[in-house]
Amino acid sequence: MPTPTGAQVMAQFIPQSPFVAKLGIVAEVLDADEVRLRMPWDTTNVTLGDMVHGGAIAALADVTVMAAAWAGVEEPPSLRGVTTSMAMQFLAPARATDLIGVGRVLRRGRTLVNCDVDVVTPDGELIAKAIATYKVG
């Protein structure tokens, strides 16, 4: 039986992670060049009124980083990994809307993967930007 690719591992992991499932995050695209994860609008993820909480936005960015880092791995050496750093810039409020994390690998080292994530609305409005490093294996 062939070893699953990183994208296949992510397709199985994302719906099974309790925290990711709690936020409702689903994978729409898991390509080596770009991943797209959607977090549906949910009134339990707000700060006040209809504004999506920054922590929920950061969690979407973090899960997107993980998916981007793994999606380009042909044969995962193990299923261990962790975000080692992440810097977030919040650019606009997200009000009563789904959010999409669009992740790309900027540089892939032997174990460290530098990623870029845009968090956007379905209409493409940029809500937040993250730069992160993820350690695979």
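## Helices and a salt-bridge network

D118 is buried, with 17% relative accessible area, which is under the 20% cut-off for that label. This is a predicted model, and D118 is a good place to start looking around.

D118 lies in strand 7 and K129 in strand 8 (residues 126–136), so their pairing ties together parts that are 11 residues apart in sequence. The side chains of D118 and K129 meet in a salt bridge, at 2.7 Å from N to O. D118 also forms a salt bridge with R104. That second pair links distant parts of the chain, with R104 in strand 6 (residues 99–108) and D118 in strand 7 (residues 112–120), 14 residues apart.

Here are three of the salt bridges:

| Pair | Closest N and O atoms |
|---|---|
| R104 and D118 | 3.1 Å |
| D118 and K129 | 2.7 Å |
| R36 and E34 | 3.8 Å |

Salt bridges that share partners join E34, R36, R104, D116, D118 and K129 into one network. The structure holds nine salt bridges. Among the partners, R36 is partly exposed at 26% relative accessibility, and K129 is partly exposed at 29%.

Now to the helices. In helix 1 (residues 6–16), the buried residues are G6, A7, V9, M10 and I14. Seen down the helix axis, they fall within an arc of 145 degrees, so they line one face of helix 1. The face turned away from that buried side carries the exposed residues Q12, P15 and Q16. What covers the buried residues of helix 1 includes helix 2 (18–23), strand 1 (26–30), strand 2 (35–39) and helix 3 (54–71).

Helix 3 is itself mostly covered, with 15 of its 18 residues buried.

Terms used. Residues are numbered from 1 along each chain as its sequence is written. This is a predicted model: local features need pLDDT of at least 70, side-chain atom pairs count only at pLDDT 80 or more; totals for chains, interfaces and linings use all residues. Side-chain values use heavy atoms; hydrogens and water are left out. Buried means under 20% relative accessible area, exposed over 50%, partly exposed in between (1.4 Å probe, protein chains only). Helices (H or I, at least four residues) and strands (E, at least two) are DSSP runs, numbered from the N terminus. The arc is that of the directions from the helix axis to the C-beta atoms. Contact means heavy atoms within 4.5 Å. A salt bridge is a side-chain nitrogen of Lys or Arg within 4 Å of a carboxyl oxygen of Asp or Glu.
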